[in-house]
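Dear colleague,

I am passing on the structure below, together with some notes on what turned up in it. Please keep it open beside you while you read.

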Amino acid sequence: MSKLAQEKKYKKIITALSVVIPIAVAALFGVNLRSLGFDVEPLKFLPPIYASINGVTAVLLIAAVIAIKKGNKKLHETLNTAAIACSLLFLLMYIAYHMTSDSTTFGGQGAIKYVYYFILITHIVLSIIVIPFVLVTYMKAKLGLFTAHKKIAKKTFPIWLYVAVTGVIVYLMISPYYV
């Protein structure tokens, strides 16, 4: 199969995932198993873990850029693959937490409340937007289309890094209000 045919095939999968993932997360976010009568323990221990995973993702992304700038393609690939795995792990834990626990309301007042909601909203919106960017960037590298990979990676990296870092910030800002 030619690279063009492979790219076309992967783009269909990427488009589907880019639509299905946010819809599934939104749908599952609204499902609380305890409210539905299931006897499950709230997974209240997860937020600091998945916030830490966001932090690890940020470190992996920065290390991946450093690796490629030093010409270490194998390490760059390994670090980016690990960052994708961390993002998936975060997502699974995030969904599990929200399916078993009541949502926490931010309790800050005044200007900090607006700062928090700005960071939260941009984090959520960009976490949706970055999905196809990450997948296309990864696909371009896997297909050996390194010029195209480098071009889109210059857009993907800052968005993904912002999402990872703001995930930690959102947790730190809301953590005093967890019950």
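In this predicted model, a good place to begin is Y50, which touches F90, M93, Y94, Y97, H98 and Y178 when residues up to four places away in sequence are not counted. Apart from the core discussed next lies another core, of seven residues, which includes Y116, I119, L120 and V170.

The largest nonpolar core has 17 residues, and within it Y50 and W160 are the ones that touch the most other members. Two or more residues of this core come from each of α2 (46-69), α3 (73-100), α4 (111-142) and α5 (146-174), and α2 gives the most, with seven residues. As background, nonpolar side chains in soluble globular proteins tend to be buried together.

Turning to α3, its 28 residues should span 40 Å at 1.5 Å a residue, and because its end C-alpha atoms are 41 Å apart, the two values agree. The buried residues of α3 include H76, L79, N80, A83, C86, F90 and M93, and the buried residues of this helix pack against α1 (3-29), α2 and α5.

Finally, is K113 in helix α4 buried, exposed or partly exposed? Its relative accessible area is 33%, and because that value falls between the 20% limit for buried and the 50% limit for exposed, K113 counts as partly exposed. K113 touches F106 and G108, again leaving out residues up to four places away in sequence, while the C-alpha atoms of K113 and M173, which are 60 residues apart along the chain, are separated by 9.6 Å.

With best wishes

Conventions. Residues numbered from 1 in each chain as written. Predicted model: local features only at pLDDT ≥ 70, side-chain atom pairs only at ≥ 80, totals over all residues. Heavy atoms only, no water. Core = buried A, V, L, I, M, F, W, Y, C linked by side-chain atoms within 4.5 Å. Buried < 20%, exposed > 50% of the residue type's maximum accessible area, 1.4 Å probe, protein only. Helix = DSSP H or I, 4+ residues; strand = E, 2+ residues; numbered from the N terminus. Contact = heavy atoms within 4.5 Å. Expected span 1.5 Å × (residues − 1).
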